[in-house]
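Student: Could we work through this model together, beginning with how its chains meet and then turning to fold and packing?

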Amino acid sequence: MKRFILPLGVFVALLGFLWVGLRLNPREVPSPLIDKPAPAFALAQLHLPERQIGTRDMAGQVWILNVWASWCVACRQEHPVLMEMARMKLAPIVGLNYKDARDEGIANLQRAGDPYVVSAFDQDGRVGIDYGVYGVPETFVIDKRGVIRYKQIGILTPEIVTGTLVPLIAKLNQEGGNG
Amino acid sequence: MAKWIAAVLMSLALCAHADEDLDKRAAALEEELRCLVCQNQTIADSHAGLAADLRREVREQLAQGKSEQEVLDFMVQRYGDFVLYRPPVKRTTWLLWFGPLLLLVAGAALLVLRLRAGRSRAAGPQPSEEELQRARALLDNDKEQP
Amino acid sequence: MIPELGSFALMLAFCVALLQGVMPLAASLRSGSSATRWLAVARPAAYAQALLVTFAFACLVQAFVANDFTVLYVASHSNTLLPLYYRVSAVWGGHEGSLLLWIQILVLWTAAVAALSRQLPAEVVARVLGVMGLISVGFLAFILWTSNPFERLLPGAAEGQDLNPLLQDIGMIAHPPLLYMGYVGFSVAFAFAIAALIGGQLDAAWARWSRPWTLVAWTFMTLGIFLGSFWAYYELGWGGWWFWDAVENASFMPWLVGTALIHSLSVTEKRGSFKNWTVLLAIMAFALSLLGTFLVRSGVLTSVHAFATDPKRGLFVLVFLALVVGSSLLLYAWRAPQVGLGGRFALFSRESLLLVNNVLLVAAAGTVLLGTLYPLFLDALGMGKISVGPPYFETVFVPLMSPMLLLLAAGPFLRWKQAGFKDVRSLRWVGAAAVLLAIAAAIAVGMSPLLVMGLALAAWILLGTVWHLLQRLRVFEDNRTRFSHRLSTLPGSYWGMLIAHAGIGVFVIGVTLVKGREISHDVPMQSGDIHHVGGYDFRFVGLQDVQGPNYSAVRGTFDVTRSGKHVTTLLPEKRQFVSGGMPMTEAAIDRGPTRDLYLALGEEVKPGNWIVRIQHKPFVAWIWSGALLIAFGGLLAALDKRYRLKKDKV
């Protein structure tokens, strides 16, 4: 007669999963690029189109790649946090201006301030695809060896900066930087 | 080197196909990929900017001679398994892909057990003497009704 | 004032539901006259609850009609520009209001059970109403504690946010009520099952009482799913009609189990067998309805259907689900072993075939559940994120369902208890004819093995069903004079079976041909361009701007010709609603019995130059017709005379 208890058993297991599921976010797509080399790119700079900026220029140091656009409303919320990060001199922040119009991107930075050491101009979004960008803003932390160690999907908040980024970058800075 | 030769041969072979074939192959692939922005449509149906970019990638890569699997691998490298509407068959998805078969087999087993139990049981539990007497009494009562 | 009255009515309804739920069930613990009094609470409580909830619902409707934007829910889902009929349907356009609709339909079903069950023993009715009362308690608590539609917004908004433009459509007006009639209707079968478990009386009579209610619920479920699919086809603009989306699956699973249930009930009714199985199916059908409610409102799965999510609400529904289904499965585990096995039957008999049918349907429902929840399983176990979409479901579902389709035609030929090979011998000709027809059709439209298989199964079902009718009427015997008599004495349940089974055959034809032979092109076109699809020529004539009551649109004009002869003019639109949001695509469809021509505007790449989606979809109308036939079959079976009230019974 134990088989009559089986439906209840299956149901309880199901409940367990559903309960855990309430805390998860089904829409978030974690990056498969964590702990993998950052996809190489070399793009024209936003302000100086005749000059280039790419992964090779940032090799040997811990750096941050922030994907932004002038049409992105959430990026405006994040902007003050980026400015603060630049002031703290946490790590050089490279901007990836994603699918934007050059003059609007430049105007945006003039208006709100420029936390980036330099911004790369990714007009058709191909570099974004290489980095698995699906929503703006997104932020990557890349170590001295050019490996992506962290990805933030969505807005950076002061809590994330102090709680996650500061300790992470401190740790990465202590690591060696062999090619 | 071998891969390079294969790619060249493949692209030569593919050039022989009409553009229409490329459309069909691209359309088929687009039905397999999930739009990450709206997340409830294929990139074929989605109007999102990223969907359009990914459709362009699919088309360009197929035109360059990449195979369907290579295009899918490209997407998975960047977005993870989430981007595939047909989940890959790996250890973590064995239960998913073989589950339906398991369910059927389990159901069939239950079925066979049930049918055997039904047949092997004798004509059902025999009524006791007391029950038989009660039954007779009831029937007699019934007969007395007009 | 009126919203507060509505809220108050809901609170009163909660109290009444509590009485209705607790007292009749607790009466089994008491004895004598107090037990009878407690049992007698059930019916009046059911009527009172119906009145109160209907009043509350009317208050919400009034708030929408009067554009009362001091009610938060109204302000979020309505707008002064919205036409009246949409203002009314906006009542169930969001989470809180759709819950109120759920309850409204539940109390109506409860009142119906109370009114139409005079011939049932008092304790049975009381227990059934008691269980339904407890379900009401849960939902009313959910509404009152977490999702009150009457919550105020003070100061009131000047203008509402508008009903989601996707919902501004007649299909969307009818789809939720029909679907809920189904979901909620399964609670009646559930209540009957629980009442029978509690009372220890699981017999053929219980099945006979339960079956018409279940059939009606199942019919509504069929119609609700059909309408959702039909609506998605013309409204969403991509030409599809089923996406195996989480919420679509949430309605399909109870339907599959419900189908198993109505077949299982007929066996229990006629032969007294399958009792445990039938009870379990009744519990499962309603459990899946509740699970669907959970999935849509908890944020646990992404879906285009999902309501605005709130983990607190999700937790409430989960706890409710745990209590209702957990306690019923516990009751089942406790009582089921004591239920006898009922009538025995041979390995080759109608019973055994129906048992196989049930196993297949439950396996199918289980598969859909597996696919729907698997991403959640993996994520919860920290094993990564995957997607499970149409490619998976289509790959596993067809092999699972095909055996069932095969058995469908043969089943009615087998006798009860012990069938012989003689019963089905004549079917070999039907089989041969089906295969030949399928091959002929496939040669006509373009050969492919899947096409032949699908068409052969459909022909097998249709021919087998007709053959059964002819055999039953004994057309081939000499007694012509008795023919009309035999025809008129065929019971409703028999017609129901015939038509529903035939409907499945028609449905399979539609699905096979659309999936196998559909042509879809996405092409850039500008004024003057002509594109050929499926033997038709589509000429883009031009664009114009049009105004609607609450939107402005770009309308394209397309002339469709075939071999030079004009067929139709299609007018697809891209609508931008005044209230904002993404532009909506209104597809233009020319429907026909053998094909639909589907045209939708995609993106404007350059001024005047649009990407247009043109589709030729053969026999897609047979999908809808098949579904309607299935629903009609269910209705006929429910109206069978033997379920009607026997007025002369003492």
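Student: How many residues of chain A are in contact with chain C?

Tutor: This is a predicted model, in which local features need pLDDT of at least 70 and side-chain atom pairs count only at pLDDT 80 or more, while totals for chains, interfaces and linings use all residues. Residues are numbered from 1 along each chain as its sequence is written, and chains are lettered from A in the order in which they are written. Taking two residues to be in contact if their C-beta atoms, placed from the backbone, lie within 7 Å, the 25 residues on the chain C side are met from chain A by 18 residues.

Student: How many residues on that side of chain A are nonpolar?

Tutor: Ala, Val, Leu, Ile, Met, Phe, Trp, Tyr, Cys and Pro count as nonpolar, Asp, Glu, Lys and Arg as charged, and the others, Gly among them, as polar. On the side of chain A that touches chain C, one residue is polar and one is charged, and the nonpolar ones number 16.

Student: Why is chain A described as more spread out than a compact globule?

Tutor: Its secondary structure comes to five helices and seven strands, these being DSSP runs (helices H or I, at least four residues; strands E, at least two). For 179 residues the globule rule, 2.2 Å times the number of residues to the power 0.38, gives 16 Å, and chain A is more spread out because its radius of gyration, taken over C-alpha atoms, is well over that, at 20 Å.

Student: What share of the contacts in chain A with a separation of 6 or more joins residues 24 or more positions apart?

Tutor: Counting the contacts of chain A with a separation of 6 or more, the part that falls to residues 24 or more positions apart is 75%.
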